[in-house]
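Trainee: I'm new to this one and keep tripping over the labels. Can we look at it together while I ask where they come from?

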Amino acid sequence: MEKISEFEKIIGYSFKDKNLIYTALSHSSFANEKKKQRKSNERLEFLGDSVLSIIVSDYIFEHYTFLPEGELTKIRASLVCEKALFEFAKQIRLGDFIMLGKGEINTGGRTRPSILADAFEAVIAAIYLDGGLEAAKKHVLRFIPKDLDPKHYQITDYKTVLQEIIQRNPEETVEYVLTGEKGPDHDKEFTVAVMLNSNVIGEGKGKSKKSAEQMAAKQALDLMGYEA
């Protein structure tokens, strides 16, 4: 619990329910070693991804009133991608506090971008559940550059490009489905299919679900003859 207290000081938030932050910092490899004694942070990561997107969307919507929807989407994508979250996580020394299984510790899990990015989202969810949206917003906005230059953040993101194309037809929906997962906890490979309505239009593999989704979107764009 001493490490939890240290982490709370770093992020400037004290949890009423300590179980929330403990779970947020528990990687699946750690939870698997503890069997039924401990839950992993995967469910919190799922929620944190949505909370993060809402907060960032609201911020750039209010601060960049001169930009059209497509440009706002690109900026948001650059701020919630794995690369950005990895950098944010390093600012709060998140890797020092994540609880990992022995295999992950021995293979550099504390500095692996996918693990840190996922845990960063889980921490956001934990703060949201414990203190509400305003507390989560205060935490997230500390990482958003105050002098954010829209031109600098307009990067190519395969998922964003694909989404913008699909949105031209309101009746169409795109969904990413995890279709495969193999390998030990410290060296997993994920397979994701991207579906347009009920049809698979691309498939990708990656060391994290996010990177697999990007590769699936890239394949879909390639098959559509679109150069992103």
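**Asking where the labels come from**

Mentor: Sure. Keep in mind that this is a predicted model. Among contacts between residues at least 6 apart in sequence, 56% join residues at least 24 apart.

Trainee: Okay, and what is the protein chain built from, in helices and strands?

Mentor: It has 12 helices and 3 strands. The C-alpha atoms fill a box of roughly 55 × 40 × 30 Å along the principal axes.

Trainee: How do you know whether the radius of gyration agrees with a compact globule or not?

Mentor: Set the value against the rule. For 228 residues, a compact globule would have a radius of gyration near 17 Å, and the protein chain has 18 Å, so the two agree.

Trainee: What share of the residues counts as buried?

Mentor: That's 47% of the 228 residues.

Trainee: Let's try one residue, then. Why is His139 called buried?

Mentor: The cut-off for buried is under 20% relative accessible area. His139 has 4%, so it counts as buried. You'll find it in helix H9, residues 133-141.

Trainee: Which residues is His139 in contact with, leaving aside neighbours within four places in sequence?

Mentor: Ile11, Phe120, Val123, Ile124 and Ile127. His139 also has buried company in H9, namely Ala135, Ala136, Val140 and Leu141. The buried residues of that helix pack against H1, H4 and H8.

Trainee: What makes a set of residues a nonpolar core?

Mentor: Buried residues of kinds such as Ala, Leu and Phe have to be joined through side-chain atoms within 4.5 Å. The largest such core here has 52 residues, and Phe7, Leu25, Leu94 and Phe120 have the most contacts inside it. Among the elements that give it two or more residues are H1 (2-11), H4 (42-63), H8 (113-131) and H9. H8 supplies the largest share, 11 residues.

Trainee: What does Leu25 touch, not counting residues up to four places away in sequence?

Mentor: Ile4, Phe7, Leu94, Phe97, Ile98, Met99 and Val123. There's also a second, separate core of 15 residues, which includes Ile165, Val192, Ala216 and Ala220.

Trainee: What makes Arg93 stand out in its phi value?

Mentor: Most residues other than glycine have a negative phi. Phi of Arg93 is near 55°, a positive value in a residue other than glycine. Asn197 also has a positive phi, near 60°.

Trainee: Where do Arg93 and Asn197 lie?

Mentor: Arg93 is in the loop between H6 and helix H7 (102-106). Asn197 is in the loop between strand S2 (189-196) and strand S3 (199-206).

Trainee: And why is Arg93 called partly exposed?

Mentor: Partly exposed runs between the buried limit of 20% and the exposed limit of 50%. Arg93 has a relative accessible area of 38%, so it is partly exposed. Asn197, at 36%, is therefore partly exposed too.

Trainee: Is Gly95 buried or exposed?

Mentor: Gly95 has 10% relative accessibility, so it counts as buried. It lies in the loop between H6 and H7. Not counting residues up to four places away in sequence, Gly95 touches Arg110 and Leu116.

Trainee: Last one: how many positive and negative side chains are there?

Mentor: There are 32 positive and 35 negative ones, and the centres of the two sets lie 7 Å apart.

Note on methods. Residues are numbered from 1 along each chain as its sequence is written. This is a predicted model: local features need pLDDT of at least 70, side-chain atom pairs count only at pLDDT 80 or more; totals for chains, interfaces and linings use all residues. Side-chain values use heavy atoms; hydrogens and water are left out. Helices (H or I, at least four residues) and strands (E, at least two) are DSSP runs, numbered from the N terminus. The radius of gyration is taken over C-alpha atoms; the globule rule is 2.2 Å times the number of residues to the power 0.38. Buried means under 20% relative accessible area, exposed over 50%, partly exposed in between (1.4 Å probe, protein chains only). Contact means heavy atoms within 4.5 Å. Lys and Arg count as positive and Asp and Glu as negative; His and the chain ends are not counted. The place of a charge is taken as NZ of Lys, CZ of Arg, CG of Asp or CD of Glu.
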